[in-house]
Structure formats: structure tokens, C-alpha cells
Amino acid sequence: MAHILKTLNSWFWWENIWMPINCTWADFVDRDGLVFPKPQQLYATIPYAFVLLIIRFFTERYIAIPLAKALGIKNVRRVKPQPNPVLESYFRECSRHPSQSEIQGLAKKCNCTVHLVEKWFRRRRNLEIPTVLRKFQEAFWRFSFYFTSSIAGFIFLHDTLLPSQYWYYMAEISFYWSLLFTLGIDTKRKDFLAHVVHHFAAIGLMSCSWCGNYVRVGTLVMFVHDTADFWLEAAKMFNYARWEKTCNLLFFIFSVAFFITRIILFPFWILRATLYQPTFYSTTPVIAYFLFNGQLLILQGLHLYWGYLIFKILKRFIFLKDLKDDRSDEEEEDSVTDNEEESTNGNKNGCGSGKHLLNSSHH
């Protein structure tokens, strides 16, 4: 087994994959005061990711929540439906949005009114949607990181020393690892799969650029991304706080920053440099050339996809004055209280009381 792993390791680090002609790994050994990136340093990104998760926990609890309250965001507790095995099984295995005929069948099966079954599904769906306060916490954490990393990236672009680049890389890679670790509990949106692809592509791209000593271009890629993202997270926070004018202004700034950095600068400067300039120095590109540029092209494809979504939102805002994010589900409102349902429906069809299906306790 050890021999197999050693063979695979030698294949992976084969110089013909990573290095141009007349260049070997020996050229990247520390010497004469020069320090080069080392692949084994990337192992530290996993424990660093857990450190970021700890920082995120305290940031969201002790900074984001008080700030949300100051902005008028309340921690609304949702009404939790009474446990019902039949409806719960249907909700999980069949549909979260049953048709009217299916609701009627479920009502007969549970010996309850159609309205109670509708209300049970409405409340059950609401439990799957994060509260506004929870969304605000996530947006605040992302804003804090992107804003800090943007400032750090701007400083490190003028610093060619490896220690600063090291911490910039470690922080960025660790952050995306932490986002992958929390995918199951963070707010899920309709572009969930695109985010998964983006996170893996970002981690792979940053890791490979570190191993191949393409640190300068890697720093540029990270900086270009972060400088637009914190505007979006700021717009989200004020949207959750219902500061409409502030939200609209921030989203407009984000849109301008996004199109400049990711639709203009990224493809026409960075991609141009990585796709065409290497051919000036070698007529036989190495495998790493296709590996790096393939991941960069994946990112650009995601940029175009998100740019299309942003354009749709801007178009709707300009013509309809509606700045709504289509990627998120919205909470459905309850029409009447449990007591009202109990009094109007309890004696009508043998449901007994609404307590068997719905509960006025809060989640």
C-alpha cells in the first residue's frame, strides 16, 4: 500500500505536469534568502477552517445579533405544526406542495379538514426556511470576511514577500472549506449547486496555484472576487432590515463592481494573461496550463450565470421597482389562528380538535 501511495505521489508531482521545459522542482527550493510556497503548507487550511468556524460562531452571536436588533430585525419564532407521521411522511417522500386533490385525500386519511392539512403543510414548509435573523447573521459573517480580505488583498498586492501571501492564501482557502462544511445548515438557494461548484473550483484553483508558485495571479483572482462580494452582503443585510433605499444603493454599487471585475477585468485581463502569455515563452504548454485555465474558465462560466441573474434583478427593479432575490424562498403567512380553526372546524368533520394536527407552540 505504501508503495502504491508513493507511486501515485510521484505521478502527481511529475515535473512534466507542472513545470515548463528546463524547469524542475529543484528550482523552487529555498535558497539565498528566497522562500517558495510548499504544497504541504496547504494541510493547515483544514484546521484553519475550523478556527474560522469558531470565529464565525462568536461573530454571529455577539456582533451580528445585537446589530440586527439595532436595525429592527426581530427573532420571530415560527409556529410549529403538531407531529403527524402521515403528513410528515408525505412531506418528505412525495411533495412539499401537494395538489388540492392530494390534500383532500390526506385530510380524509387524517380525519381532519382540508384547511388544517393546508395549514400544516404551510407551517411545515416555513420550518425549512431560515428566519430573517438567521439570514442576517450569515450575510454579516460573509460581509466581514470579504471586506477584511479585500483590504488585505489590496495591501498584499503591493507586498511581494511570501509571508503576507501565505496568510492571504490560507485565509481564503480555509474560508471556502468552512463554507463547504456548513452547506447543510446555511441558507439554501436555487443556485445551491452553482455555489458548490464554485467553492470546489475556488479551493482547487487556489491550492494548485500555490503548489505551482503562481501566487501573483492567484492573489489577483482572489482580490477581484472579494471586492464585489462584500457590497452584495451589505445589500442583503439592509434588505433584511427593510432599509429599502440603502439596500437599492448598495445593490447598484455591487452590480457595477461585479460587471467591472468579473465580466471585464477577469476575462480580458487575468484570463488573457493566463491563456495567451504562457504561449510566448513555450510552444508546448504543460498539463498544469490546461488544469489552471480550465478552472478559471469554470469560474468565468459561473460569473456569466450570476451576471444573468443580476441583470434580471436590475431589469425588474428598473421597470417594476421590485428588488427581490429569486434565489430565496419566502415564508408563507398563516391566515387564522389555531383556536379559530378549532372552533370553526373541530365539530364539523370529526377532527376532534386542532391539537391533534396543529400546535400553537413555537419553534
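Which element gives the largest share of the lining of the second largest pocket? Helix H10 does, with eight residues. This is a predicted model, and the account below starts with the whole chain before returning to that pocket.

**Overall fold**

The chain has 13 helices and zero strands. From the N terminus on, its elements therefore read as an unbroken run of α, given that helices and strands are the elements numbered here. Of the 363 residues, 46% are buried. Contacts across the sequence are plentiful in one respect: among those with a separation of 6 or more, 79% join residues 24 or more positions apart. The accessible surface comes to about 20,700 Å². Carbon and sulfur atoms account for 65% of that surface.

**Confidence**

How far does confidence reach across the chain, and where is it lowest? The mean pLDDT is 82, and 88% of the residues reach 70 or more. Helix H3 (residues 45-70) has the highest mean, at 96. Helix H13 (residues 338-345) has the lowest, at 40. Over residues 335-363 the pLDDT is below 50. In the model this stretch still has 66 contacts beyond near neighbours in sequence. Where pLDDT is low, predicted coordinates should not be read in detail.

**The second largest pocket**

This pocket has a volume of about 730 Å³. Its lining holds 34 residues. Tyr214, Val217, Thr274, Pro278 and Phe292 are the ones nearest its centre. Five helices give two or more residues each to the lining: H8 (162-181), H9 (192-211), H10 (215-240), H11 (244-275) and H12 (287-320). By class, the lining has 22 nonpolar residues, nine polar and three charged.

**Selected residues**

Four residues are set side by side here.

| Residue | Place | Relative accessible area |
|---|---|---|
| Asp229 | helix H10 | 11%, buried |
| Asn213 | loop between H9 and H10 | 28%, partly exposed |
| Arg242 | loop between H10 and H11 | 76%, exposed |
| Ser178 | helix H8 | 3%, buried |

Why does Asp229 count as buried? Its relative accessible area is 11%, and the cut-off for buried is under 20%. Leaving aside neighbours within four places in sequence, Asp229 is in contact with Tyr146 and Arg262.

Ser178 is also a buried residue, because its relative accessibility is 3%. Ser178 sits in helix H8, one of the helices that contribute to the pocket lining. Beyond its neighbours within four places in sequence, Ser178 touches Ala49 and Leu53. Ser178 and Pro47 are 131 residues apart in sequence. In space, their C-alpha atoms are 9.9 Å apart.

**Two loops with positive phi**

Most residues other than glycine have a negative phi. Which values do the two exceptions here take? Asn213 has a positive phi of about 65 degrees, although it is not a glycine. Asn213 lies in the loop between H9 and H10. Arg242 also has a positive phi, near 65 degrees, and is likewise a residue other than glycine. Arg242 lies in the loop between H10 and H11. On accessibility, Asn213 is partly exposed at 28%, while Arg242 is exposed at 76%, over the 50% cut-off.

Key. Residues are numbered from 1 along each chain as its sequence is written. This is a predicted model: local features need pLDDT of at least 70, side-chain atom pairs count only at pLDDT 80 or more; totals for chains, interfaces and linings use all residues. Side-chain values use heavy atoms; hydrogens and water are left out. Helices (H or I, at least four residues) and strands (E, at least two) are DSSP runs, numbered from the N terminus. Buried means under 20% relative accessible area, exposed over 50%, partly exposed in between (1.4 Å probe, protein chains only). Contact means heavy atoms within 4.5 Å. Accessible areas come from the Shrake-Rupley method with a 1.4 Å probe; for residues, only the protein chains shown count as cover. pLDDT is the predictor's confidence in each residue, from 0 to 100. On a 1 Å grid over the protein atoms alone, a cavity is a set of points where a 1.4 Å probe fits but cannot get out, and a pocket is an open set with protein on both sides within 12 Å along at least five of seven lines; lining residues have an atom within 4 Å of a point. Grid points are joined across faces, edges and corners, and a volume is the space filled by probe spheres set on the points. Ala, Val, Leu, Ile, Met, Phe, Trp, Tyr, Cys and Pro count as nonpolar, Asp, Glu, Lys and Arg as charged, and the others, Gly among them, as polar.
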